[in-house]
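Work through the exercises below with the sequence and the coordinates open. Each task is followed by a solution in steps.

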Amino acid sequence: MSGNKKEFVRVCSVNDIAEGQAKAFHVGNKHIAVYFSEGKYYATDDICSHEHEHLSEGWLEGHVVECPKHGAQFDLKTGDAVSLPATEPIAVYTVKVENGDVLIEE
Ligand code: FES
C-alpha cells in the first residue's frame, strides 16, 4: 500500500543558515537550496527553471526568491514562477525542523 512512502532526510543544521540567507546542499543526487526567511525554512531545487543558475545565490524576500541571473521570482511555498523570464515551476520540498536539524521530505 505504501510502496511510495516518503521519508524525511537531514539536509543541514539550523545553524548552517542565517536569517535571510540561503545555501545549497547535495542530498542524494539532488541539488537542494535551503532558505531561512522570516523565521521559516524552505527547500527547493537549487537550479532555476529558466537557465542554469543557482537560486541559493539569489535574493530572498519573504517566501519569494529572485534568481540572480535574470531576475525571475519563485514562490518558495509552491515553486511557481511568479515573474518572467521563468515560466516553469521549480520543485519544492516539505521541510521540518527536528532536534536542530533541517529535514526535507524526499
Ligand atoms: S536563469 Fe534564472 S531567470 Fe534566467
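The exercises cover a sheet, ring contacts, salt bridges and two loop residues.

The model is predicted: local features need pLDDT of at least 70, side-chain atom pairs count only at pLDDT 80 or more, and totals for chains, interfaces and linings use all residues. Residues are numbered from 1 along each chain as its sequence is written, and side-chain values use heavy atoms, with hydrogens and water left out.

**Exercise 1. Determine the strand order of the open sheet and identify its edge strands.**

Step 1. Strands are DSSP runs (E, at least two residues), numbered from the N terminus. Two strands pair if DSSP finds at least two bridges between them.

Step 2. The open sheet has four strands in the order S2-S3-S4-S9, with antiparallel pairing.

Step 3. Strand S2 (21-27) and strand S9 (92-93) are the edges, since each pairs on one side only.

Step 4. S2 and S3 (residues 30-37) run antiparallel and are joined by seven bridges. Phe25 is opposite Ile32 in S3, and Ala24 has Ala33 as its bridge partner.

Step 5. Two residues separate S2 and S3 in a hairpin, and Gly28 in the turn has a positive phi of about 60°.

**Exercise 2. Characterise the aromatic pair and the charge that sits over a ring.**

Step 1. Rings of Phe, Tyr and Trp (its six-membered ring) pair if their centres lie within 6.5 Å; planes under 30 degrees apart count as stacked, over 60 as edge-to-face and the rest as tilted.

Step 2. The structure holds one such pair. Phe36 and Tyr41 are stacked, at 4.2 Å centre to centre and 15° between the planes.

Step 3. Both Phe36 and Tyr41 are buried (under 20% relative accessible area; exposed is over 50%, partly exposed in between; 1.4 Å probe, protein chains only).

Step 4. The charged end of Lys96 sits over the ring of Phe8, 4.2 Å from its centre. The criterion is NZ of Lys or CZ of Arg within 6 Å of the ring centre and within 35 degrees of the ring normal.

**Exercise 3. Examine three salt bridges, including the one between Asp101 and Arg10.**

Step 1. A salt bridge is a side-chain nitrogen of Lys or Arg within 4 Å of a carboxyl oxygen of Asp or Glu. The structure holds four.

Step 2. Asp101 and Arg10 have their closest N and O atoms 3.0 Å apart. Asp101 is in strand S11 (residues 101-105) and Arg10 in strand S1 (residues 8-13), so the pair ties together parts 91 residues apart in sequence.

Step 3. Glu106 and Lys30 form a salt bridge of 3.7 Å, N to O. Glu106 lies in the segment after S11 and Lys30 in strand S3, so parts 76 residues apart in sequence are tied together.

Step 4. Glu98 forms a salt bridge with Lys96, at 3.5 Å between the closest N and O atoms. Glu98 is partly exposed at 38%, and Lys96 is partly exposed at 31%.

**Exercise 4. Is Ser56 buried or exposed, and which residues does His50 touch?**

Step 1. Ser56 lies in the loop between strand S4 (40-45) and strand S5 (59-61). Ser56 is buried because its relative accessible area is 11%.

Step 2. Beyond its neighbours within four places in sequence, Ser56 is in contact (heavy atoms within 4.5 Å) with Ala22, Lys23, Ala24, Ala33 and Asp46.

Step 3. His50 is also in the loop between S4 and S5, and is partly exposed at 32% relative accessible area.

Step 4. Not counting residues up to four places away in sequence, His50 touches His70, Pro85 and Ala86.
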